[in-house]
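Please walk through this model with me, one region at a time. Keep the sequence and the 3D view side by side.

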Amino acid sequence: ATMKYYEIILVDPSHTKIRNDARINWIVNPVHKHRECRGLTSAGRKGRGLRKSGHRANNIKGGSKRAAWLNRNNQRLKRYR
């Protein structure tokens, strides 16, 4: 196995300098709470397989392989036919 080292930068969203800095204060918005838990960081998207595009991404459209499989294998019928 190989060792991998990552640089992690921690930001305090409640700090006044961060809140006033126009380049960083996007992270203060409530939309960005717990990005790491939802797989929205660069490493999280890589782990979910979302770095691919085109014909290679057929299995992961919709968020996961299971979602893609369900979309392909569900039969949708109109309510009034």
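**From an exposed lysine to the pocket**

Lys 33 counts as exposed because its relative accessibility is 58%. The cut-off for that label is over 50%. Keep in mind that this is a predicted model.

Now place Lys 33 in the fold. Lys 33 sits in the loop between α1 and α2, and α2 covers 42-47. Look back along the chain to Asn 20, 13 residues from Lys 33. The C-alpha atoms of this pair lie 18 Å apart.

Next, the charged side chains. How many salt bridges does the structure hold? The count is one. Arg 23 and Asp 21 are the partners, and their side chains meet at 4.0 Å, N to O. The two residues carry different accessibility labels. Arg 23 has 70% relative accessibility, so it counts as exposed. Asp 21 has 24%, so it counts as partly exposed. The partly exposed class runs between the buried limit, under 20%, and the exposed limit, over 50%.

Move to the segment before α1. Tyr 6 is found there. Leu 10 is in that segment too, and α1 itself spans 16-20. Is Tyr 6 buried or exposed? Tyr 6 is exposed, because its relative accessible area is 66%. Leu 10 reaches 78% relative accessibility, so Leu 10 also counts as exposed. Together with Ile 8, these two residues make a nonpolar surface patch. The patch has an area of about 470 Å².

Tyr 6 also gives a sense of distance across the model. Pair Tyr 6 with Asn 74, 68 residues away along the chain. Their C-alpha atoms are separated by 41 Å.

Finally, turn to the empty space. Rolling a probe the size of a water molecule over the atoms shows where such space is left. The largest pocket holds about 500 Å³. Which residues come closest to its centre? They are Ile 9, Ile 27, Arg 35, Glu 36 and Thr 41, out of 17 lining residues. What classes make up the lining of the largest pocket? Eight residues are nonpolar, five are polar and four are charged.

Go back to the view and find three places. One is the Arg 23 and Asp 21 salt bridge. Another is the patch of Tyr 6, Ile 8 and Leu 10. The last is the largest pocket, with Ile 9 and Arg 35 among the residues closest to its centre.

Methods. Residues numbered from 1 in each chain as written. Predicted model: local features only at pLDDT ≥ 70, side-chain atom pairs only at ≥ 80, totals over all residues. Heavy atoms only, no water. 1 Å grid on protein atoms, 1.4 Å probe; cavity = no way out; pocket = protein on both sides within 12 Å on 5 of 7 lines; lining within 4 Å. Points joined across faces, edges and corners; volume = space filled by probe spheres on them. Nonpolar A, V, L, I, M, F, W, Y, C, P; charged D, E, K, R; others polar. Patch = residues over 30% accessible without salt bridge, like charges linked within 9 Å, V, L, I, M, F, W, Y side chains within 5 Å. Areas by Shrake-Rupley, 256 points an atom, 1.4 Å probe, with all protein chains shown as cover. Helix = DSSP H or I, 4+ residues; strand = E, 2+ residues; numbered from the N terminus. Buried < 20%, exposed > 50% of the residue type's maximum accessible area, 1.4 Å probe, protein only.
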